[in-house]
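The exercises below concern the fold, the sheet and the ligand shell of one protein. Each task is followed by a worked solution.

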Amino acid sequence: MPTARPRILLLNASLAGDDGNTAVILTRARRRIARRATVESVTLAVPPASPSRAGSSTFTPELRAALGRADAFLFGTGTHWDSWSSVLQKFLEDATPAEGTAIWLGKPAAVVVSEHSTGGKGVLSRLQGVLVTLGCTLPPMSGLVLSRAALAAAKHDRAAARDFWCEADLGIVCHNLAEAARLTLKDARAAAPRWRHWPVDRRDFRARWIA
Ligand SMILES: Cc1cc2nc3c(=O)[nH]c(=O)nc-3n(C[C@H](O)[C@H](O)[C@H](O)COP(=O)(O)O)c2cc1C
């Protein structure tokens with residue numbers, strides 16, 4: 001029986017959309033992942049030329065459908081004042097009604113963060129925490145911070161840089177994500193994991209709670 005190829009969705013959450021560092025990283029990730037999975041890509045930033053969608057939901061039916069089709073996700077964002085991009089924050093806020101649904105539940109998620117010098121690891125760890133709370137799973141060694149400062153330092157001290165994250169580690173992230181997606185499919189054929197979610201407030205989560 002031919003092995004089914006998992007479908008992996010790359011979510012570019014860069015402020016710079018398709019022109020940023022995240023886009024370059026995800027293009028390289030795409031090449032690696034495409035060997036083992038069918039890859040789809042989504043850029044979350046609204047292009048500057050398009051009519052303003054300020055205030056409207058980024059969680060469009062098309063995006064929802066792409067998330068639903070995917071067996072696994074790779075998120076990419078820059079670091080902005082110690083946090084992820086406002087584009088990603090807006091997406092997470094808009095996606096809140098889907099918390100704990102089949103869109104996320106049990107699907108592996110990997111994360112690639114870029115930074116100039118500092119704050120990226122905090123972004124990575126907190127984002128992984130959010131993704132698990134939405135319903136995703138985390139494969140081992142599936143989170144990476146690419147730092148401009150680390151790349152510059154590596155040019156001067158190769159020995160010390162052996163312990164720094166570098167672009168070659170993107171291969172490990174992509175491999176582990178594809179591997180986790182493959183196992184998810186395998187499990188689906190054998191005995192699908194019956195993940196449960198705790199009760200989620202889908203009606204009143206925006207309500208004012210201070211009287
Ligand atoms: C508004 C803004 C804030 C930033 N804040 C940080 C920061 O707190 N720490 C850091 O190391 N780099 C910071 N950077 C650098 C970006 O994280 C870095 O260039 C990243 O690769 C941007 O990804 P992108 O090109 O996909 O948007 C900031 C950049 C911008 C534009």
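A residue counts as buried if 20 or more other C-beta atoms lie within 10 Å of its own, with C-beta atoms placed from the backbone. The model is predicted.

**Exercise 1.** State what percentage of the residues of the protein count as buried, and describe the overall fold.

Solution. By the criterion above, 33% of the 211 residues are buried. The chain forms seven helices and five strands, in the sequential pattern β-α-β-α-β-α-β-α-β-α-α-α. The radius of gyration is 18 Å, close to the 17 Å from the globule rule for 211 residues, so the protein is as compact as a globular protein of that length.

**Exercise 2.** Derive the strand order of the sheet and identify which strands stand at its edges.

Solution. The five strands form an open sheet in the order β2-β1-β3-β4-β5, with parallel pairing. At the edges stand β2 (38-43) and β5 (143-147); each has a single partner strand, so one side of each lacks a neighbour in the sheet. Neighbouring strands are turned by 15 degrees against each other on average, direction ignored. Within the sheet, β3 (residues 72-78) pairs with β4 over six bridges, and phenylalanine 73 lies opposite alanine 109 in β4. Helix α4 (residues 120-134) packs on the sheet and touches β3, β4 and β5. The direction of α4 makes about 155 degrees with that of β4.

**Exercise 3.** Characterise the shell around the ligand: which residues come nearest?

Solution. Of the 17 residues around the ligand, the nearest are Ser14, Gly20, Thr22, Gly78 and Ser114. Two or more shell residues come from each of α1 (21-33) and β4 (109-115). By class, the shell has three nonpolar, twelve polar and two charged residues.

Methods:
Residues numbered from 1 in each chain as written. Predicted model: local features only at pLDDT ≥ 70, side-chain atom pairs only at ≥ 80, totals over all residues. Helix = DSSP H or I, 4+ residues; strand = E, 2+ residues; numbered from the N terminus. Rg over C-alpha atoms; globule rule 2.2 N^0.38 Å. Buried ≥ 20, exposed ≤ 12 C-beta atoms within 10 Å, placed from the backbone. Near = placed C-beta within 6 Å. Nonpolar A, V, L, I, M, F, W, Y, C, P; charged D, E, K, R; others polar. Pairing = 2+ DSSP bridges. Axes fitted to C-alpha atoms, helices over the stretch in contact; angles between N-to-C directions. Contact = placed C-beta atoms within 7 Å.
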